[in-house]
Amino acid sequence: MKKDKLKPMLFSVMKTYDGKKLITDIVSGIIVAIIALPLSIALALASGVGPEQGIYTAIVAGFIISFLGGSRVQIAGPTAAFATIVAGIVAKNGMSGLALATVLAGIILILMGFLRLGSLIRFIPYTITTGFTAGIAVTILVGQIKDFLGLTYPKGTVTIETMEKVKAIAENISTINVYALIVGIVCLAILIIWPYISEKIPGSLIAVIVGIIMVKCLKLNVNTIGDLYTISNKLPGFTMPDFSLGMIKNVAPDAVTIAILAAIESLLSCVVADGMINSHHRSNMELIAQGAGNIGSALFGGIPATGAIARTAANIKNGGRTPIAGIVHSIVLVLVLILLMPYAALIPMPTIAAILFMVAYNMCQWRTFVHLCKTSPKSDIAVLVVTFILTVVFDLVVAIEIGMVMACILFMKRMSDESVVSGWKYYDPEEDPDGIELKEIPKHVRIYEISGPMFFGDADRLAGVHFKDFTKVIIFRMRGVPALDASAMHAMEQLYDRCVDAGVHMVFSHVNEQPMKTMEKSGFVEKVGRDNFRAHIDDAIDWASKNYGK
């Protein structure tokens, strides 16, 4: 397997770069920036921060990740996956706590890259990623119902957790604002229908324009971003997080969550992009870039960032083929921030909610969810559903932790079920005269076939090995055992002691490389006798017959 280089993809592609590629990258970068603008604002608001924080993230993290990244076409910025996590951190520890958690997550990602852990992401089960992604989609949808319906909550209403939001919606549904609902429905309709009209101009931009016109021209009593937030068009300034020991302890679990989620999301996006352009990303370099991008974002007023699949796909469809497109996207957003950010105050909140409804729908993968429920083993369905429910009811940290524990336990059970220790059956030649393919085994020799990996979940199976009074030799055929762990080795040693007490000799045939190394390291081979390890079952039977006769 080719070693993953720790070299930014930008430095590799520039060797063959020309004017034609530059033009297509610039055009693609501008289009992606237009797409990213309303999404960055909407995702920032969903994360419980100001609208400019979303733009800062797309600018700083987007630039750094494109410059240092291991993908040709990855576009990074704020994504829906982080919205609920970020909102929770901000509510508990403020922007300073979020900045510290993001910096720590960036450090973890950089270490993961240098330790070449990019390939380990594939060990996170697909059922878990599908479950928590669908769960995040539901939490985003629930979080936007208030603005979509124009609900009003009494002062002091706590709506941090998803279930608290559901309760608040139910209690205050009578405060629905019909005008807000109309604006939301019109904008949602535009977002659904517009892709069938044109793919060049993003539907979210059209929805924003229509929403502003409806509220301003018809003088509708609908909240806008400017009514709820102070808009700033200043360039991001440097801010140093509080690196006190107490704050680090508070945000450390959040930092780990951000790092793991950023790694999963960005590498999944890279894999999708590879399939679209027939390329191959450098996973470890991408992790380093994600780490650097998140540190940069946090130090300049942004929120956590990762590779955005939708924006990356838009980049590819519009001709972007190098990281220059991502860099252009960030530069264009700088100009937008300075020149157009004050106009963001006019955007109606139901429009933002409609945009996030579509984001939630696109990320929920409901078809995949239903397909897995119909076709997967029951254990996988259990992991999928539990991860989904825990993400919605509690949070992503609990969902991933319990989901991984469940997946590991169920995997071990599945492997244990596949492992078998079975004795060969004896036959009577008079009853089966045609059994010419069956081996002739002396009466004092008993053979056990072991198949499947032998680990702590199977150790007790060896306790089921038994022998008769006339048994002098037990042969263990281990050609189907790829691995042997310490617990199974201990069980094997206990079986050896039983055999010694009963005057029974142990002979092994076809022991594979890993089990043999384990047996040698534990001293078991010398205890049993190296001559009692034979290459083939016929050799083992012959050896047992000659050396351990009646």
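Started just past helix 4: R116 there takes a positive phi of about 55°. I'm working on a predicted model, where local features need pLDDT of at least 70, side-chain atom pairs count only at pLDDT 80 or more, and totals for chains, interfaces and linings use all residues. Numbering runs from 1 along each chain as its sequence is written, and side-chain values use heavy atoms, with hydrogens and water left out.

Next I checked helix 4 itself, residues 83-114 (helices are DSSP runs of H or I, at least four residues; strands are runs of E, at least two; both are numbered from the N terminus). Its 32 residues put the end C-alpha atoms only 28 Å apart, short of the 46 Å for a straight helix (expected span: 1.5 Å times one less than the number of residues). I found a bend of about 120° at N93 (the angle between axes fitted to the seven residues ending there and the seven starting there).

Then the sheet. I see five strands in an open sheet, order 3-4-5-6-7, with mixed pairing (two strands pair if DSSP finds at least two bridges between them). Strand 3 (420-423) and strand 7 (533-534) are at the edges with a single partner strand each, so one side of each lacks a neighbour in the sheet. Strand 3 runs antiparallel to strand 4 (residues 445-451), joined by four bridges. I noted one pair: S422 has E449 in strand 4 as its bridge partner.

Last, I looked up I140. Beyond its neighbours within four places in sequence, I140 contacts A80, A83, L356, A360 and M363 (contact: heavy atoms within 4.5 Å).
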